[in-house]
Amino acid sequence: MGDPARRRLRLLRPADTDLDRPARAGLDRRVPREAAPLIVDAHNDLLAELVQRREEERPFERHWLPELEAGGVGLQVCPTFIPLEHLHEGALHRGLLQAAAFHRALRDCPERTVWVRGGGDLDRLDGRVGLMLSMEGAEPLGWDPGLIDAFWELGVRMVSLTWNRRNAFADGLGEPEGGGLSRLGEQLVDRLAALGAMLDLAHASERTFFDVLDRAPQATILVSHAGCRSVCWTPRNLSDEQLRALAERGGVLGIMALPLTVDPDAPTLDRLIDHVDYAVELIGIDHVGLGADFIRQVHRALGGGPIRDALLPPGMQSDACIEELEGPRDYPNLVAALVRRGYEGERLDAILAGNFLRLFRNGLPAA
Ligand SMILES: [Zn+2]
């Protein structure tokens, strides 16, 4: 357990994969042990669950670390996110609670986690699970772009200005007018660029998306979790024009794994891979990664009510998930589906981890 080499082996070869058992024909979709790869996931709302469980002993170790390890996740980005019921008076409080939960997870599990806040941390993973703090929607900052400095010190390295809604800084993609950056938003983008934060354009209105690209020409850009509108039309997915603009800036799209963006009528692994195929065909293999946004476990831990303003089609449950891909533990099923579609070797690794690792290595501060 304490030996880094053994920990690395454990990561590369998930413990719950019984490798000596003969494969069950037709049922066994697990990848062979040699191929069990590293996964980088650019979006998981697990901090909301950890805040909910903050009176429990070691909630990350009990409820999330085994899931991540079983799926082979070597780096997990963990956003702060403020649900409507905490806006706006409680936004800073809730954001700080989530940041505190992030640090407690690292503190509770020092042997099995690494705090990723600089490029050098990517070299120290050593089979442990890297955790990077991000901010989904800048509501915790209220009306003060300068407050981002405090969150930077707490380790936030990636920021999306909005969720679906409008805030002081910009319009999210759920707003009917589709506005872009406000004056305060311009100040925030300037400050983020000066700090060296990575800019996440998930949930941005189209105008916000292009405003941010124009405003911060040197910044590292990504879309942590979304899909392709040409495969499944929802405002949560990206148009071809956005996909091309993202790739021109060297950005990476984290393909999301929820029915809303994959295909509400056919929420299958196969349809998810259709998004991967489409993006790879349009913008190239170097610009596609994973940002699953697994929500079922978090949502149930929080009591399971509807998520307001989530843009779900009528009848879709807030905790709906892709068949055979309910949480990180199921990542081997996604890997197997990619392999069946012909992704292997470097092309497979690029999608599972390599592209985001490259982006983070460029985008994070060096230390
Ligand atoms: Zn989101």
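Helix α13 spans residues 331–340 (helices being DSSP runs of H or I of at least four residues, and strands runs of E of at least two, numbered from the N terminus), and its buried residues are Tyr-331, Pro-332, Leu-334, Val-335 and Leu-338. They lie on the same side of α13, because they cover an arc of only 160° around the axis, the arc being that of the directions from the helix axis to the C-beta atoms. A residue is called buried here if 20 or more other C-beta atoms lie within 10 Å of its own, exposed if 12 or fewer, and partly exposed in between, with C-beta atoms placed from the backbone. This is a predicted model, in which local features need pLDDT of at least 70 and side-chain atom pairs count only at pLDDT 80 or more, while totals for chains, interfaces and linings use all residues. Residues are numbered from 1 along each chain as its sequence is written.

The buried residues of α13 pack against β1 (39–41), α4 (65–71), β2 (73–81), α11 (269–283) and α14 (345–363), where contact requires C-beta atoms, placed from the backbone, to lie within 7 Å. In the pairing with α11, Leu-269, Asp-270, Ile-273 and Val-276 of α11 meet Asn-333, Leu-334, Ala-337 and Leu-338 of α13.

Helix α11 also holds Arg-271, which is partly exposed, because 19 other C-beta atoms lie within 10 Å. Leaving aside neighbours within four places in sequence, Arg-271 is in contact with Val-262, Asp-263 and Ala-266. After α13, the chain continues with Gly-342, whose phi is positive, near 100°.

Definitions and conventions. Two residues are in contact if their C-beta atoms, placed from the backbone, lie within 7 Å.
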